[in-house]
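Colleague: I should like to learn how to read a structural model one feature at a time. Would you guide me through this one?

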Amino acid sequence: MSRPRTAEVPTDRARQVGTSAVYVFPEDVLLTGADRICELAHGLGVGAVSVCLRYHASRRWLPRHRTFAHSLSGAMYWQADAGTYGALRPGQVVDEALEAALHRLRQATDRHGLAFHAWLVVLQDAGVVASHPGAAATTFDGRPHAELLCPAGGRVRRFAADLVRDACARFAPRLLDLEAVAFPSWPQSYSVAVEIDAVRRELRHLITQCACASCRVLLAGHGVEPGDLRDAVDATASGGPDAGPETGPLLDRIALARAEGVRGLIDEMRDAAHAAGAAIRPLVFADAAGARLQGAWGRGLAAADAVGIGADLSDGLGAGAREVIAPSPMPVAASLTWSPGWTPDVIDAGAAALASQGAHAVSLYNLSLVSSGRLEDLALMASRFRSAAGRCGPSPT
Ligand SMILES: [Zn+2]
């Protein structure tokens with residue numbers, strides 16, 4: 001279902017996309033306490049807390065609490081409402097104590113004048129794939145992925161929209177940060193890559209392309225047949241001098257097909273979020289070439305309210321990121337991962353660069369992963385960004 005964007009954006013959604021936030025994990029909310037999390041967020045100078053409600057497989061060291069947390073693929077931090085979902089539904093892996101802490105945070109954000117943003121990893125769910133292998137991303141030679149769902153299929157789009165509906169009904173977020181909402185690629189699988197002779201960059205792009213039944217239809221609409229992908233993999237793997245000229249036009253056609261596929265997914269999630277009064281902000285962490293082949297660029301993202309882009313203080317949004325969003329300008333949040341190398345000078349220059357590149361907000365990653373002694377670094381980043389953004393035009397609230 002595709003619907004033209006309305007010209008008039010409700011004030012709250014427009015305001016949310018310009019609100020800087022800090023990411024936080026549920027375990028930290030439980031251990032720190034909801035009110036204290038809000039106090040820390042205020043200390044960082046942000047206007048929102050973006051809390052993880054659904055995550056990918058991970059292991060996380062939380063230094064302020066000296067504790068170690070794990071999650072499985074498709075980890076849910078709330079009890080899914082079975083009545084909300086169609087054929088695909090997430091597993092019931094909720095930890096009741098963590099869920100209760102998240103509800104306390106939801107209430108605390110209102111008391112502290114902060115916005116509650118819901119951070120969801122959408123298309124990674126080993127449990128759903130195990131029950132519905134036909135919904136999985138599939139390699140060019142027909143092997144289903146162990147945990148990634150393909151966004152070209154109608155069932156998966158419904159599942160993604162249902163997740164948004166369910167999260168909105170439970171937590172009433174002002175905005176959803178949506179991670180893993182595009183087609184698979186090498187970095188998005190969150191898997192350990194087992195290789196001895198490193199796989200070439202071009203080949204990584206090709207071998208991670210989904211060729212499931214839905215994708216075959218999508219790709220055929222842009223003149224790409226399954227045999228084309230197989231031939232390109234063979235040509236690139238051979239490393240011959242003619243590989244590049246052959247794959248370039250093919251990758252361009254694939255990128256257009258992927259953008260069309262992501263557009264269909266984003267449309268459904270946006271409609272679900274807007275019906276609940278929330279904005280959506282897909283997150284893009286891949287480099288430009290990878291993002292294009294995931295469909296996370298241009299018209300693929302055009303129906304979203306904003307986009308979050310992985311940024312670096314030394315490189316800002318990067319030339320690649322600007323290329324990704326240039327075809328469909330929209331508000332951009334720079335997602336900044338704290339680094340031990342940050343100094344006030346680096347922060348000043350980086351913040352000014354981000355603001356001048358048009359970033360409307362910063363999302364600081366991650367309150368739960370930094371020690372108490374490093375919170376000042378995050379706060380400095382946020383304040384310098386506000387100052388720089390004020391000089392350059394966009395003004396986060
Ligand atoms: Zn597919």
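**Reading the model**

Modeller: Let us begin with one helix and its surroundings. The cover over the buried residues of α4 includes α2 (26-32), α3 (34-44), β2 and β6 (115-121). Please keep in mind throughout that this is a predicted model.

Colleague: Which residues of α4 are buried?

Modeller: A residue is called buried if 20 or more other C-beta atoms lie within 10 Å of its own, and exposed if 12 or fewer do. In α4 the buried residues are Ala 101, Leu 102, Leu 105, Ala 108 and Thr 109. Because they cover an arc of only 120° around the axis, they lie on the same side of α4. The other side of α4 carries exposed residues, namely Glu 96, Gln 107, Asp 110 and Arg 111.

Colleague: How far apart should the ends of α4 be, at 1.5 Å a residue?

Modeller: Helix α4 (residues 96-111) has 16 residues, so its expected span at 1.5 Å a residue is 22 Å; the C-alpha atoms at its ends are 23 Å apart, which agrees. After α4 comes Gly 113, with a positive phi near 70°.

Colleague: What does the same reading give for α14?

Modeller: Helix α14 (residues 344-356) has 13 residues, and the distance from its first C-alpha to its last is 18 Å, close to the expected 18 Å. Its buried residues are Ile 347, Gly 350, Ala 351, Ala 353, Leu 354 and Ala 355. Just after α14, Gly 358 has a positive phi of about 100°.

Colleague: I turn now to strands. Which residues of β1 lie on each of its faces?

Modeller: In a strand, one asks about each face in turn. For β1 (residues 21-24), Ala 21 and Tyr 23 are on one side, Val 22 and Val 24 are on the other, and all are buried, so that both faces are covered.

Colleague: Which strands pair with β1, and in which sense?

Modeller: Strand β2 (residues 48-55) pairs with β1 in the parallel sense over 4 bridges, and Val 22 stands opposite Val 49 in β2. Strand β13 (residues 359-365) also runs parallel to β1, joined by 2 bridges. There, Ala 21 has Ser 363 of β13 as its bridge partner.

Colleague: How should one read a nonpolar core, and which residues touch the most other members?

Modeller: One asks how many residues belong to the core and which of them have the most contacts within it. The largest nonpolar core has 130 residues, and those touching the most other members are Val 49, Leu 53, Ala 160, Val 362 and Leu 364. Helix α10 (residues 243-275) makes the greatest contribution to this core, 11 residues. Leu 53 shows what such contacts look like: leaving aside residues up to four places away in sequence, Leu 53 touches Tyr 77, Trp 78, Leu 102, Ala 118, Trp 119, Leu 120, Ala 167 and Phe 171.

Colleague: Next, the backbone. Is Ala 180 buried or exposed?

Modeller: Ala 180 counts as buried because 25 other C-beta atoms lie within 10 Å. Ala 180 is in the loop between β9 and α7 (201-207), and its phi is near 60°, a positive value in a residue other than glycine. Ala 172 likewise is not a glycine and has a positive phi, about 45°. Ala 172 sits in the loop between α6 (154-171) and β9 (175-179); with 14 C-beta neighbours inside 10 Å, Ala 172 counts as partly exposed.

Colleague: What kind of peptide bond joins Tyr 365 and Asn 366?

Modeller: Omega is the angle to read here. The bond between Tyr 365 and Asn 366 is cis, with omega about 15°. Asn 366 belongs to the loop between β13 and α15 (375-392). Ser 372 also lies in the loop between β13 and α15, and counts as exposed because Ser 372 has 9 C-beta neighbours inside 10 Å.

Colleague: Finally, how many helices and strands does the chain have?

Modeller: The chain has 15 helices and 13 strands. Its radius of gyration is 20 Å, close to the 21 Å given by the globule rule for 397 residues, so the chain is as compact as a globular protein of that length. Of the 397 residues, 50% count as buried. Among contacts between residues at least 6 apart in sequence, 77% join residues at least 24 apart.

Conventions
Residues numbered from 1 in each chain as written. Predicted model: local features only at pLDDT ≥ 70, side-chain atom pairs only at ≥ 80, totals over all residues. Core = buried A, V, L, I, M, F, W, Y, C linked by C-beta atoms within 7 Å. Contact = placed C-beta atoms within 7 Å. Expected span 1.5 Å × (residues − 1). Pairing = 2+ DSSP bridges. Arc of directions from axis to C-beta. Rg over C-alpha atoms; globule rule 2.2 N^0.38 Å.
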